[in-house]
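Here are some worked exercises to try with the model open in your viewer. Have a go at each task before you read its solution.

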Number of protein chains: 2
Amino acid sequence: MYTIQDVCGRTGLSAHTLRYYEKEGLLTHVERTRGGFRQYSDDDLERLGLICCLKNTGMPLQEIARFVALTEEGEQTLPERVEMLRRHRENVIARMAEMQRYLDKVTWKLDFFSGKLRAYEEKQAVGEPCTK
Amino acid sequence: MYTIQDVCGRTGLSAHTLRYYEKEGLLTHVERTRGGFRQYSDDDLERLGLICCLKNTGMPLQEIARFVALTEEGEQTLPERVEMLRRHRENVIARMAEMQRYLDKVTWKLDFFSGKLRAYEEKQAVGEPCTK
DNA sequence: CCTTGACTTAGAGTGAACTTTAAGGCTTAT
DNA sequence: ATAAGCCTTAAAGTTCACTCTAAGTCAAGG
C-alpha cells in the first residue's frame with residue numbers, strides 16, 4: 001500500500017493531479033484509511049501506468065475515462081475497448097509519421113540558418129581581423 | 001497575392017486563426033489593400049510554412065513569436081535563432097523517442113486485450129453454438 | 001497535549017490556443 | 001444600387017489539463 005505522496009514520487013504526478021484524475025473517473029475506487037486517506041495498491045499503480053501511457057500518447061482524459069468505465073462494465077465491453085486501443089494506436093502512429101515530416105523540415109531550415117550563420121561569422125571575422 | 005480565404009484553403013487554418021497569429025506577432029507585416037483587406041504574398045506563405053512546422057512540432061506560439069521578432073532584428077540574431085532551432089529539434093527528437101516507448105506499451109496492452117477478447121469470443125461461441 | 005504538516009473537499013483560477021460574438025465596413029455580382 | 005458575403009477590430013467565451021485556494025480534518029513527534 002502506498003500513500004498519495006509515494007505515488008507522486010513514482011509517477012511524477014502531483015497529489016492534486018491524482019485527486020483530479022480520481023474525480024474525473026480515471027483512477028477509480030482507490031482504497032481509504034478510516035481517516036479517509038487514500039491508500040494506493042499495486043493494482044492501482046498498474047492501472048495508473050496504462051492511464052499515463054494513454055495520456056502521454058495524446059489520448060484526451062475524457063476518452064481515458066470512457067475506457068476505464070467500459071473496463072468496469074466487464075468482459076462484454078472487450079470488443080469496444082480493443083477497438084478503442086486499436087484506433088488510438090493507429091492515430092499515434094500517424095501523428096508520429098507527421099511529426100517526422102515536420103521534423104525533417106525543421107532540420108532543413110536549421111541547416112539553412114546554420115549556413116547563413118557561418119557566412120555571417122566569416123563576414124564579421126573579415127571586418128574585424130585580429131582585434132584581440 | 002492571396003486573400004485570407006486563399007491562405008485558409010492552403011494551410012487549413014481559419015481566417016480567425018490567421019488574424020490571431022498576426023496579432024500575436026507570428027505572421028507580421030502582411031500587406032493590405034486600400035480598403036484594409038489582407039493580401040498575402042508567396043513570402044508570407046513561406047514564413048507561415050515555418051510557423052506551422054514549429055507549431056506542429058509543439059513549439060509554443062510565444063516562442064515562435066520570439067523567433068520571428070529575432071528574425072526581424074536582422075543578421076546579428078542568427079546565433080540565437082540557430083540555437084533556438086537546434087534546441088527545439090533536440091526536444092522533438094526526445095519527445096518522439098518517448099512517444100515510441102509509450103506506443104510500445106500501448107501495443108503490448110492491445111495484444112493483451114486482443115487475447116482476452118479471443119478467449120471471450122470462444123467462450124460465447126461454446127455457450128451459444130449454432131444458434132443462427 | 002499541542003503544534004506541525006499532510007490530508008480532505010468543493011470550487012475558483014490559470015495558461016495555451018483558439019473560437020465566437022458584436023458591431024460594423026468594403027466589394028462584387030446582378 | 002443593393003444585397004450577399006466577404007472583410008475589420010476588440011473583447012468575451014471555450015476547452016483542456018491542470019493548479020491553487022479556502023476551510024477544515026487527522027496523525028505523529030516533542
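**Exercise 1: two domains of chain A**

Find how far apart the C-alpha centres of domain 1 and domain 2 of chain A lie, then work out what touches what.

*Solution.* Step one: the C-alpha centres of domain 1 of chain A and domain 2 of chain A are 30 Å apart. Step two: the assignment puts domain 1 at 1–73 and domain 2 at 75–127 of chain A, with bounds that come from an automatic or database domain assignment. Step three: 8 residues from domain 1 of chain A and 8 residues from domain 2 of chain A make up the contact, where two residues are in contact if their C-beta atoms, placed from the backbone, lie within 7 Å. Step four: on the domain 1 side, helix α4 (residues 61–73) of chain A gives the most, with 4 residues. By class, that side has 4 nonpolar, 3 polar and 1 charged residues. Here Ala, Val, Leu, Ile, Met, Phe, Trp, Tyr, Cys and Pro count as nonpolar, Asp, Glu, Lys and Arg as charged, and the others, Gly among them, as polar.

A quick word on conventions. This is a predicted model, so local features need pLDDT of at least 70 and side-chain atom pairs count only at pLDDT 80 or more, while totals for chains, interfaces and linings use all residues. Residues are numbered from 1 along each chain as its sequence is written, and chains are lettered from A and ligands numbered from 1 in the order in which they are written.

**Exercise 2: overall form of chain A**

List the helices and strands of chain A, then set its radius of gyration against the globule rule.

*Solution.* Start with the count: chain A has 5 helices and 2 strands, in the order α-α-β-β-α-α-α along the sequence. These are DSSP runs numbered from the N terminus, helices being H or I of at least four residues and strands E of at least two. Next, the radius of gyration of chain A is 25 Å, whereas a compact globule of 132 residues would come out near 14 Å; it is taken over C-alpha atoms, and the rule is 2.2 Å times the number of residues to the power 0.38. Finally, the C-alpha atoms of chain A fill a box of roughly 80 × 40 × 20 Å along the principal axes.

**Exercise 3: chain A against chain B**

Work out which element of chain A gives the most to the side that touches chain B.

*Solution.* First, the contact takes 29 residues from chain A and 29 residues from chain B. Then look at the elements of chain A giving two or more residues: they are α3 (42–56) and α5 (78–127). α5(A) comes out on top, with 23 residues. By class, this side of chain A has 17 nonpolar, 5 polar and 7 charged residues.

**Exercise 4: the largest nonpolar core**

Identify the residues that touch the most other members of the largest nonpolar core.

*Solution.* The core has 21 residues, and the best-connected are A:V106, B:L26, B:L27, B:I51, B:L54, B:I64 and B:L85. Such a core is a set of buried Ala, Val, Leu, Ile, Met, Phe, Trp, Tyr and Cys residues joined through C-beta atoms within 7 Å; buried means that 20 or more other C-beta atoms, placed from the backbone, lie within 10 Å of a residue's own. α5(B) supplies the largest share, 5 residues. Now zoom in: beyond its neighbours within four places in sequence, B:I51 is in contact with B:L26, B:L27 and B:I64.

Notes: A residue is buried if 20 or more other C-beta atoms lie within 10 Å of its own, exposed if 12 or fewer, and partly exposed in between; C-beta atoms are placed from the backbone.
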